[in-house]
Amino acid sequence: MTDHVTTHQAADDARNEDILIYLNGQLLPKERAVVSVYDSGFMLRDGVWEGSRLYNGTWALMDEHLNRLFDAAKAVDIDIGMGRNEVVQALRDTQVAKGMQSDAHAGLMVTRGMKIRPFQHPDLSQSGPTFTITMAHTKPSLLMTQDPKLNSHSKLNSILACIAAQKARADEALMLDVHWFVNITNACNFFIVREGAVWTITGDYCVNGITRQKVIDLCRAHDIPVFERNFSLVDTYGAQTPVIEIDGRLIGDSNMGPVTRRIHVLFQDLMSQVCA
């Protein structure tokens, strides 16, 4: 079987067996970090989330991630119940508790809290919010992320796309927007390279990820042509990309090309600088 990289791939780490979960001010082993079936996040997927990666003792791009977390919570009218400094302190407390220094990922999740009756009205969530931080040792094979414009808990469409891809024996589903232009995969932003130029979608209907924007900024800063534009599946079939196959069509030679490789190095350098 040929080894290949997917967006869900990360090396197993035995240290994750006894991680601690931050839950409403407490650090608990994962088997005790539980919420009620009446929690609005479980019952209605009523919540928002954010993720960040730990490099060299520093949480990468934390200001941007916190901005988006608080903006998303405000957009859906959830009071996080904590200020930015308190969220950062909770993150650091969770990190220190397990001695994490690098190659870790944190997921911050906020729901509207526990409901008194199992119905949709927000006023029925009278005990909350529920605030959790999951943290695990994880080192991805490549820098990949999913950064939706609004990180809600409603990910069923992406899960269904992932299931469809799995049944087709593919790693990812390439999703289209309402006009049938290429949009994102079920798990990450999508870029292609054509004739030395980087193309990505406009972001009008989906992901405006922090990592996506950093890639665009790096291209512009280093004279790599980059375009935010609408493009079709036909455009992807003739792209130069490490993707091996799309819709049964062989793409390129399945190797990382010079433009992708350069961007990967530039991004690694950026992370080294911001997390020095």
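These legends walk through a few close-up views of a predicted model.

The model is predicted, so to speak of local features a pLDDT of at least 70 is needed, side-chain atom pairs count only at pLDDT 80 or more, and totals for chains, interfaces and linings use all residues. Residues are numbered from 1 along each chain as its sequence is written, and side-chain values use heavy atoms, with hydrogens and water left out.

**View 1. The whole protein and its confidence.** The protein has 7 helices and 15 strands (DSSP runs numbered from the N terminus: H or I of at least four residues for helices, E of at least two for strands). The average pLDDT, the predictor's confidence in each residue from 0 to 100, is 84, and 88% of the residues score at least 70. Among the elements, strand S2 (residues 26–29) has the highest mean, 96, and helix H4 (residues 156–167) the lowest, 74. Over residues 142–148 the pLDDT drops below 50.

**View 2. The largest nonpolar core.** A nonpolar core is a set of buried Ala, Val, Leu, Ile, Met, Phe, Trp, Tyr and Cys residues joined through side-chain atoms within 4.5 Å; buried means under 20% relative accessible area, exposed over 50%, and partly exposed in between, with a 1.4 Å probe and protein chains only. This core has 26 residues, and Leu91, Leu108, Phe131 and Ile133 touch the most other members. Helix H2 (62–75) is among the elements that give two or more residues, and H2 gives the most, with 5. Apart from this core lies another, of 19 residues, including Val198 and Cys275.

**View 3. Around Leu108.** Contact here means heavy atoms within 4.5 Å. Not counting residues up to four places away in sequence, Leu108 touches Val48, Trp49, Glu50, Leu69, Val87, Leu91, Phe131, Thr132 and Ile133.

**View 4. Leu54 in strand S3.** Leu54 lies in strand S3 and counts as buried because its relative accessibility is 0%. Beyond neighbours within four places in sequence, Leu54 is in contact with residues including Trp59, Gln95 and Met100. The C-alpha atoms of Leu54 and Lys139 are 9.9 Å apart, though 85 residues separate the two along the chain.

**View 5. The cavity.** On a 1 Å grid over the protein atoms alone, a cavity is a set of points where a 1.4 Å probe fits but cannot get out, and lining residues have an atom within 4 Å of a point. The structure holds 1 cavity of 30 Å³ or more, and the largest has a volume of about 40 Å³. Its lining includes Asp177, Ile201, Tyr205 and Asn230.

How values were computed
1 Å grid on protein atoms, 1.4 Å probe; cavity = no way out; pocket = protein on both sides within 12 Å on 5 of 7 lines; lining within 4 Å. Points joined across faces, edges and corners; volume = space filled by probe spheres on them.
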